[in-house]
Every structure is written in structure tokens, then in C-alpha cells.
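Visitor: I would like to learn how to read salt bridges and pockets in a model of this kind. Could you take me through the features one at a time?

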Amino acid sequence: MSLVADELAGVVDLFGGLTREELHRALEELAYKRGEEPDADAVAAAVEAAVESYHLVPVEREETTLLVAGPTAFPTLPDHAEDLPHIMDVETRSVDRETAAAAARDRLDAQAVEIAKAGDADRADELVEVCYDLETWAAVDTAQLRERLDDV
């Protein structure tokens, strides 16, 4: 099953947020609906790539971590996703944008330190773009963070 980051964001957005396990289960259900065999490794890799690209943002909430649509996402529902709320026993959740934005900002801060130490200019450039997306997505000032990344 081909998994696009914006579609992963669409699936989590459909529920307001999902744990990794719930998202994996949802994607397995979608594969079955499409007549495909789910590939757990491909699902895990797609979810990790979506987190890495800030299409999905991990947010700590009530002793669990929810993945929510992030600042770089344009949530899109994949085929058959509208059936997921009827198939899965997961209640709709609400994670406010401020909480998700704070989680994204904290993660960006931590990654900027790692990137600076590693001298990874390419990843620094990618994260500068994420900073701009984050500022547009939520009222978060990332000017100092962008400056730190520009120095890599």
C-alpha cells in the first residue's frame, strides 16, 4: 500500500489524534479495504517518515502519545478512510493547536541542537522550512530557531 504523509495526516485528523498502534491498525484496515496485504514494515517506515517531516506531530497526552496532523501537512483522506470510524473502536479526540504547536516547537529545538552538533546543513535547511510552516500553522515565533539553523 502506498502511503503518502498527507494521507497519514488525514487519517489521524479524522480522529483528532491516534496513537502509533491505532494508526498502524487503521492503515492495516485500509489495506484490507483495498484488497491489499498490509506490510507492517512499510507502515512503520511511512509513519516515521511523516513524523520526521512534521506531517505528524507526537503530542504527550494523558499518559499516552498521540500523533496529530502537523504544520507541514495538508491532511487528505485516502480511499476508504471514511469507513475507519465505523471499523475502529476509537473515540474522536481533541488536541488543541497550541498544544500541538508547542510539541512541534520543542521537537524542533531539540533537533536544531543535534543538527548543529552534526553540522548537517541539508537537514538544517529542511527544518528552516518547517519553522516557516509552523509559524503559519500556529502563532509560534521561530526566528531564533531559524537563526540557529541558518548558522549550520
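Guide: What follows goes through the salt bridges and then the largest pocket of this structure, which is a predicted model.

Visitor: How many salt bridges does the structure hold?

Guide: The general idea is that side chains of opposite charge can pair when their charged atoms come close. In this structure there are 9 salt bridges.

Visitor: Which side chain meets Arg93 in a salt bridge, and where in the chain do the two residues lie?

Guide: The partner of Arg93 is Glu22, with an N to O distance of 2.7 Å. The pair links distant parts of the chain, since Arg93 lies in the loop between α4 (84–87) and α5 whereas Glu22 belongs to helix α2 (residues 20–33), 71 residues apart. Arg93 is partly exposed, at a relative accessible area of 24%, while Glu22, at 13%, counts as buried.

Visitor: Is Arg123 buried or exposed, and with which residue does Arg123 form a salt bridge?

Guide: Relative accessibility is read against a cut-off, and because buried means under 20%, Arg123 counts as buried at 10%. Arg123 forms a salt bridge with Glu52, the closest N and O atoms being 2.8 Å apart. This pair, too, links distant parts of the chain, with Arg123 in helix α6 (residues 121–137) and Glu52 in helix α3 (residues 40–52), 71 residues apart. Glu52 itself is partly exposed, with a relative accessible area of 37%. Both residues also take part in a network of salt bridges that links Glu52, Arg107, Arg123 and Glu126.

Visitor: Which residue forms a salt bridge with Arg146?

Guide: That residue is Glu135, and the closest N and O atoms of the pair are 2.7 Å apart. Arg146 sits in helix α7 (residues 143–150) and Glu135 in helix α6, 11 residues apart, and this pair likewise links distant parts of the chain. Arg146 counts as buried at 15% relative accessibility, whereas Glu135, at 27%, counts as partly exposed.

Visitor: Turning to the pocket, what is the volume of the largest pocket, and which residues are the closest to its centre?

Guide: A pocket is read through its volume and its lining, and the largest pocket here has a volume of about 200 Å³. Of the 13 residues that line it, Asp13, Val68, Ala69, Arg97 and Trp137 are the closest to its centre. At least two residues of the lining come from each of α1 (5–15), β2 (64–69) and α5 (97–118). By character, the lining divides into 8 nonpolar, 3 polar and 2 charged residues.

Methods: Residues numbered from 1 in each chain as written. Predicted model: local features only at pLDDT ≥ 70, side-chain atom pairs only at ≥ 80, totals over all residues. Heavy atoms only, no water. 1 Å grid on protein atoms, 1.4 Å probe; cavity = no way out; pocket = protein on both sides within 12 Å on 5 of 7 lines; lining within 4 Å. Points joined across faces, edges and corners; volume = space filled by probe spheres on them. Helix = DSSP H or I, 4+ residues; strand = E, 2+ residues; numbered from the N terminus. Nonpolar A, V, L, I, M, F, W, Y, C, P; charged D, E, K, R; others polar. Salt bridge = Lys/Arg side-chain N within 4 Å of Asp/Glu carboxyl O. Buried < 20%, exposed > 50% of the residue type's maximum accessible area, 1.4 Å probe, protein only.
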